[in-house]
Amino acid sequence: MYLLPQKRRFYRFLRSLHHQNLGNNSQKAFCRNFSSSAKPVDKLLFTPGPLTTSYTVKAAALHDYGSRDQKFMDVISEVKSGLLSLANVSDSDFACVLMQGSGTYSVESMLTSVVPRNGCVLLLINGAYGHRAAKILKYAGIDFEVLVFPENEIPNLDMIDQTLKSTPKITDVFVVHSETTSGIINPIDKIGKVVKKHSKTYLIDAMSSFGAINIDFQRANIDYLVSSANKCIEGIPGFAFCIARKEVFKLSEGNARSFSLDLFDQDSASNKTGQFRFTPPTHALLAFRQALKEIKAEGGVEGRFSRYKENRDLCISRMKEIGFEPYLDADDESSGCIITSFRYPKSENWNFQSFYEKLSEQNMLIYPGKVSNADCFRIGHIGRITPNDTAKLLDTIEDISLSMKLFN
Ligand SMILES: *Cc1c(COP(=O)(O)O)cnc(C)c1O
(Lines give C-alpha, C1' and ligand atoms only; values in the text may rest on other atoms or scores of the structure.)
Protein backbone atom coordinates (compact mmCIF):
# COMPACT_ATOMS: atom_id res chain seq x y z
CA MET A 1 0.00 0.00 0.00
CA TYR A 2 1.35 3.40 -0.98
CA LEU A 3 1.06 6.11 1.69
CA LEU A 4 1.85 9.79 1.61
CA PRO A 5 4.80 10.70 3.87
CA GLN A 6 2.59 12.58 6.35
CA LYS A 7 0.33 9.59 6.55
CA ARG A 8 3.27 7.25 7.10
CA ARG A 9 4.44 9.45 9.95
CA PHE A 10 0.97 9.40 11.41
CA TYR A 11 0.79 5.61 11.30
CA ARG A 12 4.24 5.35 12.83
CA PHE A 13 2.96 7.58 15.60
CA LEU A 14 -0.02 5.26 16.10
CA ARG A 15 2.27 2.26 16.27
CA SER A 16 4.29 4.02 18.92
CA LEU A 17 1.10 4.41 20.90
CA HIS A 18 0.33 0.74 20.66
CA HIS A 19 2.10 -0.33 23.82
CA GLN A 20 0.18 2.27 25.72
CA ASN A 21 -3.07 0.91 27.00
CA LEU A 22 -5.39 3.36 25.33
CA GLY A 23 -8.85 3.55 26.89
CA ASN A 24 -11.58 2.21 24.63
CA ASN A 25 -11.66 -0.95 22.59
CA SER A 26 -11.97 0.62 19.18
CA GLN A 27 -8.81 2.63 19.84
CA LYS A 28 -7.04 -0.51 21.00
CA ALA A 29 -8.15 -2.45 17.96
CA PHE A 30 -7.11 0.44 15.78
CA CYS A 31 -3.64 0.48 17.22
CA ARG A 32 -3.34 -3.28 17.06
CA ASN A 33 -4.08 -3.14 13.36
CA PHE A 34 -1.30 -0.68 12.80
CA SER A 35 1.30 -2.32 14.95
CA SER A 36 3.89 -4.73 13.70
CA SER A 37 4.92 -5.69 17.20
CA ALA A 38 3.33 -5.71 20.62
CA LYS A 39 6.71 -5.16 22.22
CA PRO A 40 8.02 -1.74 23.16
CA VAL A 41 11.09 -0.83 21.16
CA ASP A 42 12.98 0.83 24.00
CA LYS A 43 16.63 0.01 24.60
CA LEU A 44 17.39 -2.35 27.48
CA LEU A 45 18.85 -0.48 30.44
CA PHE A 46 21.81 -2.18 32.10
CA THR A 47 22.09 0.82 34.40
CA PRO A 48 21.54 1.68 38.07
CA GLY A 49 18.23 3.45 37.38
CA PRO A 50 15.89 4.48 36.00
CA LEU A 51 15.54 0.92 34.84
CA THR A 52 13.79 -1.20 32.27
CA THR A 53 10.26 -1.75 33.59
CA SER A 54 7.58 -4.21 32.59
CA TYR A 55 4.90 -3.25 30.11
CA THR A 56 2.24 -3.78 32.76
CA VAL A 57 3.96 -1.39 35.20
CA LYS A 58 4.12 1.33 32.54
CA ALA A 59 0.54 0.65 31.47
CA ALA A 60 -0.73 0.99 35.04
CA ALA A 61 0.31 4.66 34.91
CA LEU A 62 -2.11 5.48 32.09
CA HIS A 63 -4.79 7.04 34.27
CA ASP A 64 -5.49 10.52 35.54
CA TYR A 65 -6.43 10.24 39.18
CA GLY A 66 -7.46 13.18 41.33
CA SER A 67 -4.99 13.66 44.15
CA ARG A 68 -7.75 14.15 46.74
CA ASP A 69 -10.02 11.43 45.38
CA GLN A 70 -10.73 8.38 47.54
CA LYS A 71 -9.61 6.09 44.71
CA PHE A 72 -6.16 7.64 44.81
CA MET A 73 -6.04 7.73 48.60
CA ASP A 74 -6.62 3.97 48.49
CA VAL A 75 -3.59 3.65 46.18
CA ILE A 76 -1.43 5.57 48.66
CA SER A 77 -2.48 3.40 51.55
CA GLU A 78 -2.00 0.20 49.53
CA VAL A 79 1.50 1.31 48.52
CA LYS A 80 2.48 2.21 52.09
CA SER A 81 1.32 -1.09 53.53
CA GLY A 82 2.84 -2.99 50.60
CA LEU A 83 6.21 -1.43 51.36
CA LEU A 84 6.03 -2.25 55.06
CA SER A 85 5.17 -5.83 54.24
CA LEU A 86 8.03 -6.03 51.72
CA ALA A 87 10.29 -4.71 54.51
CA ASN A 88 8.86 -7.41 56.74
CA VAL A 89 8.02 -4.95 59.52
CA SER A 90 4.72 -4.20 61.23
CA ASP A 91 2.88 -0.90 60.98
CA SER A 92 2.66 -0.72 64.75
CA ASP A 93 6.46 -0.35 64.92
CA PHE A 94 7.30 1.36 61.62
CA ALA A 95 5.92 4.18 59.48
CA CYS A 96 6.27 4.42 55.71
CA VAL A 97 6.58 7.98 54.39
CA LEU A 98 6.33 8.63 50.65
CA MET A 99 8.21 11.66 49.35
CA GLN A 100 8.07 13.29 45.91
CA GLY A 101 11.29 13.44 43.92
CA SER A 102 14.16 11.13 43.05
CA GLY A 103 16.12 9.11 45.59
CA THR A 104 18.38 12.00 46.56
CA TYR A 105 15.35 14.04 47.68
CA SER A 106 14.49 11.33 50.18
CA VAL A 107 18.07 11.04 51.42
CA GLU A 108 17.98 14.81 51.90
CA SER A 109 14.55 14.62 53.50
CA MET A 110 15.75 12.00 56.00
CA LEU A 111 19.03 13.73 56.84
CA THR A 112 17.52 17.20 57.23
CA SER A 113 14.41 16.01 59.12
CA VAL A 114 15.52 13.49 61.68
CA VAL A 115 18.88 14.74 62.97
CA PRO A 116 18.33 16.76 66.18
CA ARG A 117 18.84 20.54 65.91
CA ASN A 118 22.17 20.34 67.72
CA GLY A 119 22.97 16.86 66.39
CA CYS A 120 25.99 15.55 64.52
CA VAL A 121 26.00 12.76 61.92
CA LEU A 122 28.81 10.26 61.46
CA LEU A 123 28.99 9.42 57.74
CA LEU A 124 30.59 6.11 56.76
CA ILE A 125 31.79 6.75 53.24
CA ASN A 126 33.12 4.33 50.62
CA GLY A 127 31.71 5.81 47.45
CA ALA A 128 30.05 8.75 45.72
CA TYR A 129 26.68 8.37 47.44
CA GLY A 130 28.31 8.67 50.84
CA HIS A 131 30.02 11.86 49.65
CA ARG A 132 26.65 13.11 48.39
CA ALA A 133 25.25 12.79 51.94
CA ALA A 134 28.11 15.00 53.17
CA LYS A 135 27.17 17.60 50.58
CA ILE A 136 23.54 17.54 51.72
CA LEU A 137 24.55 18.10 55.34
CA LYS A 138 26.92 20.90 54.38
CA TYR A 139 24.15 22.72 52.47
CA ALA A 140 21.80 22.32 55.44
CA GLY A 141 24.41 23.49 57.93
CA ILE A 142 24.20 20.25 59.91
CA ASP A 143 27.31 19.15 61.80
CA PHE A 144 28.93 15.91 60.62
CA GLU A 145 32.04 13.77 60.90
CA VAL A 146 33.28 11.38 58.24
CA LEU A 147 35.09 8.08 58.14
CA VAL A 148 36.25 7.56 54.57
CA PHE A 149 37.21 4.06 53.45
CA PRO A 150 38.63 2.83 50.12
CA GLU A 151 35.88 2.29 47.55
CA ASN A 152 36.69 -1.41 47.26
CA GLU A 153 36.58 -2.03 51.03
CA ILE A 154 33.76 -2.22 53.56
CA PRO A 155 33.86 0.16 56.55
CA ASN A 156 36.11 -0.90 59.41
CA LEU A 157 34.04 -1.78 62.50
CA ASP A 158 36.79 -1.03 65.04
CA MET A 159 37.26 2.45 63.61
CA ILE A 160 33.51 3.09 63.86
CA ASP A 161 33.54 1.86 67.45
CA GLN A 162 36.55 4.05 68.33
CA THR A 163 35.07 7.13 66.68
CA LEU A 164 31.74 6.74 68.47
CA LYS A 165 33.59 6.32 71.75
CA SER A 166 35.84 9.34 71.27
CA THR A 167 33.26 11.72 69.72
CA PRO A 168 30.28 11.95 72.08
CA LYS A 169 28.61 14.76 70.10
CA ILE A 170 27.66 12.24 67.39
CA THR A 171 23.91 11.52 67.48
CA ASP A 172 23.33 9.67 64.21
CA VAL A 173 25.24 7.25 61.96
CA PHE A 174 24.62 7.09 58.20
CA VAL A 175 25.76 4.44 55.74
CA VAL A 176 24.88 3.42 52.19
CA HIS A 177 23.86 -0.24 51.99
CA SER A 178 24.58 -0.95 48.33
CA GLU A 179 27.18 1.62 47.20
CA THR A 180 26.16 1.87 43.57
CA THR A 181 29.48 3.57 42.83
CA SER A 182 31.35 0.26 42.90
CA GLY A 183 28.55 -2.22 43.60
CA ILE A 184 29.89 -3.07 47.05
CA ILE A 185 27.42 -4.22 49.72
CA ASN A 186 28.16 -2.77 53.15
CA PRO A 187 27.45 -5.00 56.18
CA ILE A 188 24.59 -2.99 57.73
CA ASP A 189 23.91 -5.71 60.33
CA LYS A 190 27.41 -5.61 61.78
CA ILE A 191 27.60 -1.82 61.64
CA GLY A 192 24.16 -1.67 63.30
CA LYS A 193 25.43 -3.65 66.27
CA VAL A 194 28.17 -1.07 66.88
CA VAL A 195 25.73 1.83 66.42
CA LYS A 196 23.30 0.25 68.87
CA LYS A 197 26.06 -0.37 71.41
CA HIS A 198 26.58 3.41 71.52
CA SER A 199 22.81 4.15 71.41
CA LYS A 200 22.98 6.25 68.24
CA THR A 201 20.25 6.67 65.64
CA TYR A 202 20.97 4.54 62.56
CA LEU A 203 20.20 5.86 59.05
CA ILE A 204 20.47 3.75 55.89
CA ASP A 205 20.49 4.66 52.20
CA ALA A 206 19.20 1.39 50.72
CA MET A 207 18.35 2.98 47.41
CA SER A 208 19.74 0.27 45.16
CA SER A 209 19.24 -2.73 47.46
CA PHE A 210 15.78 -2.54 49.01
CA GLY A 211 13.55 -5.14 47.36
CA ALA A 212 16.43 -7.28 46.10
CA ILE A 213 18.60 -7.87 49.15
CA ASN A 214 17.10 -9.13 52.36
CA ILE A 215 17.21 -6.47 55.07
CA ASP A 216 16.37 -7.43 58.65
CA PHE A 217 15.29 -4.19 60.35
CA GLN A 218 15.37 -5.69 63.84
CA ARG A 219 18.69 -7.48 63.55
CA ALA A 220 20.38 -4.46 61.96
CA ASN A 221 18.74 -2.05 64.47
CA ILE A 222 17.68 0.24 61.62
CA ASP A 223 15.87 3.42 62.64
CA TYR A 224 15.42 5.02 59.20
CA LEU A 225 15.85 3.56 55.73
CA VAL A 226 15.29 5.29 52.39
CA SER A 227 14.82 3.77 48.96
CA SER A 228 13.31 4.77 45.65
CA ALA A 229 10.42 3.76 43.39
CA ASN A 230 12.59 3.21 40.35
CA LYS A 231 15.26 0.81 41.52
CA CYS A 232 14.83 -2.81 42.64
CA ILE A 233 11.06 -2.62 42.97
CA GLU A 234 11.04 -1.71 39.26
CA GLY A 235 8.59 1.18 39.31
CA ILE A 236 8.86 4.39 37.31
CA PRO A 237 10.62 7.49 38.71
CA GLY A 238 8.71 10.11 40.66
CA PHE A 239 9.02 9.40 44.35
CA ALA A 240 11.04 7.68 47.03
CA PHE A 241 10.18 6.56 50.54
CA CYS A 242 11.44 6.31 54.08
CA ILE A 243 10.68 3.49 56.49
CA ALA A 244 10.99 4.89 60.00
CA ARG A 245 10.97 3.30 63.46
CA LYS A 246 8.03 4.99 65.15
CA GLU A 247 9.45 5.29 68.66
CA VAL A 248 12.43 7.22 67.28
CA PHE A 249 10.54 9.03 64.52
CA LYS A 250 8.00 10.53 66.94
CA LEU A 251 10.83 12.42 68.67
CA SER A 252 11.86 14.16 65.43
CA GLU A 253 8.99 16.67 65.25
CA GLY A 254 10.29 20.19 64.59
CA ASN A 255 13.77 19.07 63.50
CA ALA A 256 13.24 19.68 59.77
CA ARG A 257 15.40 22.30 58.05
CA SER A 258 13.32 22.14 54.88
CA PHE A 259 9.60 22.77 54.51
CA SER A 260 8.84 20.68 51.42
CA LEU A 261 11.11 17.81 52.54
CA ASP A 262 9.82 17.71 56.14
CA LEU A 263 9.48 13.97 56.75
CA PHE A 264 7.55 14.31 60.00
CA ASP A 265 5.03 16.75 58.54
CA GLN A 266 4.63 14.63 55.40
CA ASP A 267 3.79 11.65 57.61
CA SER A 268 1.41 13.44 59.96
CA ALA A 269 -0.48 15.02 57.07
CA SER A 270 -0.75 11.65 55.35
CA ASN A 271 -2.07 10.01 58.50
CA LYS A 272 -4.55 12.81 59.09
CA THR A 273 -5.87 13.29 55.55
CA GLY A 274 -4.76 10.19 53.62
CA GLN A 275 -3.22 12.59 51.10
CA PHE A 276 0.07 14.16 50.12
CA ARG A 277 0.70 17.72 51.31
CA PHE A 278 1.56 18.88 47.78
CA THR A 279 0.96 17.52 44.25
CA PRO A 280 1.68 13.80 44.35
CA PRO A 281 3.18 11.84 41.42
CA THR A 282 -0.15 10.10 40.81
CA HIS A 283 0.98 8.17 37.74
CA ALA A 284 4.18 6.94 39.39
CA LEU A 285 2.17 5.71 42.38
CA LEU A 286 -0.22 3.79 40.14
CA ALA A 287 2.72 2.19 38.36
CA PHE A 288 4.34 1.40 41.69
CA ARG A 289 1.25 -0.35 43.03
CA GLN A 290 1.50 -2.65 40.01
CA ALA A 291 5.26 -3.06 40.56
CA LEU A 292 4.57 -4.23 44.13
CA LYS A 293 2.19 -6.87 42.78
CA GLU A 294 4.86 -8.03 40.36
CA ILE A 295 7.63 -8.33 42.93
CA LYS A 296 5.24 -10.37 45.08
CA ALA A 297 4.47 -12.61 42.12
CA GLU A 298 8.18 -13.10 41.52
CA GLY A 299 8.63 -14.46 45.04
CA GLY A 300 9.33 -11.24 46.93
CA VAL A 301 12.85 -10.20 47.86
CA GLU A 302 14.22 -13.75 47.49
CA GLY A 303 12.73 -14.19 44.03
CA ARG A 304 14.06 -10.88 42.80
CA PHE A 305 17.46 -11.55 44.33
CA SER A 306 17.77 -14.85 42.51
CA ARG A 307 17.06 -13.31 39.08
CA TYR A 308 19.50 -10.44 39.69
CA LYS A 309 22.11 -12.88 40.97
CA GLU A 310 21.69 -15.02 37.86
CA ASN A 311 22.19 -11.91 35.71
CA ARG A 312 25.25 -10.97 37.73
CA ASP A 313 26.90 -14.38 37.76
CA LEU A 314 26.39 -14.80 34.04
CA CYS A 315 27.68 -11.29 33.35
CA ILE A 316 30.83 -11.66 35.44
CA SER A 317 31.79 -15.08 34.14
CA ARG A 318 31.29 -14.11 30.48
CA MET A 319 33.06 -10.74 30.94
CA LYS A 320 36.06 -12.53 32.46
CA GLU A 321 36.09 -15.00 29.58
CA ILE A 322 36.13 -12.12 27.12
CA GLY A 323 39.02 -10.49 29.02
CA PHE A 324 37.45 -7.82 31.27
CA GLU A 325 38.35 -7.52 34.93
CA PRO A 326 35.82 -6.67 37.66
CA TYR A 327 36.86 -3.81 39.99
CA LEU A 328 35.77 -5.73 43.10
CA ASP A 329 36.87 -9.26 43.86
CA ALA A 330 33.89 -11.13 42.41
CA ASP A 331 34.32 -14.02 44.86
CA ASP A 332 34.00 -11.75 47.87
CA GLU A 333 30.51 -11.76 49.38
CA SER A 334 30.49 -7.95 49.53
CA SER A 335 30.70 -7.65 45.74
CA GLY A 336 26.91 -7.76 45.39
CA CYS A 337 24.44 -8.53 42.61
CA ILE A 338 23.10 -5.04 41.86
CA ILE A 339 25.72 -3.56 39.57
CA THR A 340 29.28 -4.49 38.60
CA SER A 341 32.15 -2.13 37.85
CA PHE A 342 34.66 -3.34 35.26
CA ARG A 343 38.08 -1.83 34.76
CA TYR A 344 38.86 -0.31 31.37
CA PRO A 345 40.89 -2.77 29.27
CA LYS A 346 44.54 -1.80 28.97
CA SER A 347 44.41 -1.93 25.15
CA GLU A 348 45.21 1.25 23.22
CA ASN A 349 42.17 0.47 21.07
CA TRP A 350 39.88 1.03 24.06
CA ASN A 351 37.49 3.95 23.91
CA PHE A 352 34.50 3.92 26.26
CA GLN A 353 32.42 6.29 24.17
CA SER A 354 32.64 4.19 21.02
CA PHE A 355 32.14 0.95 22.99
CA TYR A 356 29.03 2.52 24.53
CA GLU A 357 27.71 3.70 21.18
CA LYS A 358 28.18 0.33 19.52
CA LEU A 359 26.15 -1.27 22.30
CA SER A 360 23.56 1.48 22.06
CA GLU A 361 23.19 0.80 18.32
CA GLN A 362 22.23 -2.74 19.36
CA ASN A 363 19.63 -1.29 21.76
CA MET A 364 21.53 -1.90 24.98
CA LEU A 365 22.68 0.83 27.34
CA ILE A 366 25.45 0.43 29.91
CA TYR A 367 26.72 3.05 32.37
CA PRO A 368 29.90 5.07 32.88
CA GLY A 369 32.06 4.42 35.93
CA LYS A 370 32.01 6.38 39.17
CA VAL A 371 34.82 5.01 41.33
CA SER A 372 37.41 7.69 41.94
CA ASN A 373 40.67 5.73 41.88
CA ALA A 374 40.25 3.54 38.78
CA ASP A 375 38.89 3.94 35.25
CA CYS A 376 35.78 1.77 35.09
CA PHE A 377 32.43 1.36 33.43
CA ARG A 378 29.39 -0.31 34.96
CA ILE A 379 26.86 -2.95 34.01
CA GLY A 380 23.63 -3.10 36.02
CA HIS A 381 21.84 -6.35 36.82
CA ILE A 382 18.58 -4.84 38.05
CA GLY A 383 15.30 -3.85 36.40
CA ARG A 384 13.14 -6.03 34.16
CA ILE A 385 16.19 -7.74 32.67
CA THR A 386 16.35 -11.51 32.32
CA PRO A 387 19.40 -13.79 32.12
CA ASN A 388 18.43 -14.11 28.45
CA ASP A 389 18.80 -10.35 28.00
CA THR A 390 22.10 -10.49 29.85
CA ALA A 391 23.31 -13.27 27.54
CA LYS A 392 22.39 -11.12 24.55
CA LEU A 393 24.35 -8.21 26.02
CA LEU A 394 27.40 -10.41 26.55
CA ASP A 395 27.22 -11.85 23.03
CA THR A 396 27.22 -8.31 21.72
CA ILE A 397 30.06 -7.23 24.02
CA GLU A 398 32.07 -10.19 22.77
CA ASP A 399 31.49 -9.21 19.13
CA ILE A 400 32.37 -5.58 19.80
CA SER A 401 35.50 -6.53 21.74
CA LEU A 402 36.64 -8.62 18.76
CA SER A 403 35.92 -5.89 16.25
CA MET A 404 37.68 -3.28 18.40
CA LYS A 405 40.57 -5.73 18.96
CA LEU A 406 40.54 -5.10 22.72
CA PHE A 407 42.11 -8.40 23.73
CA ASN A 408 44.65 -10.30 21.63
C1 LIG B 1 20.31 5.86 42.86
C2 LIG B 1 20.88 6.11 44.18
C3 LIG B 1 20.56 7.28 44.91
C4 LIG B 1 19.59 8.33 44.41
O5 LIG B 1 19.87 8.83 43.18
P6 LIG B 1 18.77 9.67 42.39
O7 LIG B 1 19.44 9.95 41.10
O8 LIG B 1 18.46 10.88 43.16
O9 LIG B 1 17.55 8.79 42.26
C10 LIG B 1 21.08 7.42 46.16
N11 LIG B 1 21.89 6.50 46.70
C12 LIG B 1 22.23 5.38 46.04
C13 LIG B 1 23.11 4.38 46.70
C14 LIG B 1 21.74 5.14 44.75
O15 LIG B 1 22.07 4.03 44.09
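This is a short tour of a predicted model, one selection at a time.

**Stop 1: the annotated domain**

Start by selecting residues 62-343, the span that an unreviewed UniProt entry annotates as "Aminotransferase class V". Its end C-alpha atoms lie 41 Å apart, and the span is 41% helix and 18% strand.

**Stop 2: the lysine**

Next, pick Lys-231, which the unreviewed UniProt entry lists as "modified residue: N6-(pyridoxal phosphate)lysine". You will find Lys-231 in the loop between strand 9 (224-228) and strand 10 (239-245). Is Lys-231 buried or exposed? It is buried: 28 other C-beta atoms lie within 10 Å, and the cut-off for calling a residue buried is 20 or more. To see some of its surroundings, add Gly-49, Leu-51, Met-207, Ser-208 and Ile-382, which Lys-231 touches once residues up to four places away in sequence are set aside.

**Stop 3: around the ligand**

Keep Met-207 on screen and bring in the ligand. Which residues of its shell come nearest? They are Ser-102, Gly-103, Thr-104, Thr-180 and Met-207, out of 13 residues around the ligand. Now colour helix 5 (residues 103-114), which supplies three residues, the largest share of this shell. If you colour the shell by class instead, you should get five nonpolar, seven polar and one charged residues.

**Stop 4: the nonpolar core**

Move on to the largest nonpolar core, which has 111 residues. Phe-241, Cys-242 and Ile-243 are the ones to select here, as they touch the most other members. The largest share of the core comes from helix 11 (residues 282-297), with eight residues. As background, nonpolar side chains tend to be buried together in soluble globular proteins.

Now focus on Ile-243. Beyond its neighbours within four places in sequence, Ile-243 is in contact with Leu-83, Leu-84, Ala-87, Val-89, Phe-94, Cys-96 and Leu-225.

**Stop 5: Ile-188**

Jump to helix 8 (residues 188-197) and click on Ile-188. Ile-188 counts as buried because 27 other C-beta atoms lie within 10 Å, against a cut-off of 20 or more. Show Val-175, His-177, Ile-204 and Ala-220 as well: Ile-188 is in contact with these, leaving aside neighbours within four places in sequence. For a distance to try in your viewer, go from the C-alpha of Ile-188 to that of Leu-164: the two are 24 residues apart in sequence and 16 Å apart in space.

**Stop 6: a three-stranded sheet**

Finish with strands 11, 14 and 13, which form an open sheet in that order with antiparallel pairing. Strand 11 (339-343) and strand 13 (367-368) are the edges, each pairing on one side only.

Select strand 14 (residues 376-380) and follow its antiparallel pairing with strand 11, which runs over five bridges. Along this pairing, Arg-343 stands opposite Cys-376, and Phe-342 stands opposite Phe-377. Then turn to strand 13, which pairs with strand 14 in the antiparallel sense over two bridges. Here Tyr-367 has Arg-378 of strand 14 as its bridge partner.

Why is strand 14 described as largely enclosed by the rest of the structure? Four of its five residues are buried.

Definitions and conventions
Residues numbered from 1 in each chain as written. Predicted model: local features only at pLDDT ≥ 70, side-chain atom pairs only at ≥ 80, totals over all residues. Pairing = 2+ DSSP bridges. Core = buried A, V, L, I, M, F, W, Y, C linked by C-beta atoms within 7 Å. Buried ≥ 20, exposed ≤ 12 C-beta atoms within 10 Å, placed from the backbone. Contact = placed C-beta atoms within 7 Å. UniProt positions renumbered as here; feature names shortened; annotations may be inferred. Near = placed C-beta within 6 Å. Nonpolar A, V, L, I, M, F, W, Y, C, P; charged D, E, K, R; others polar.
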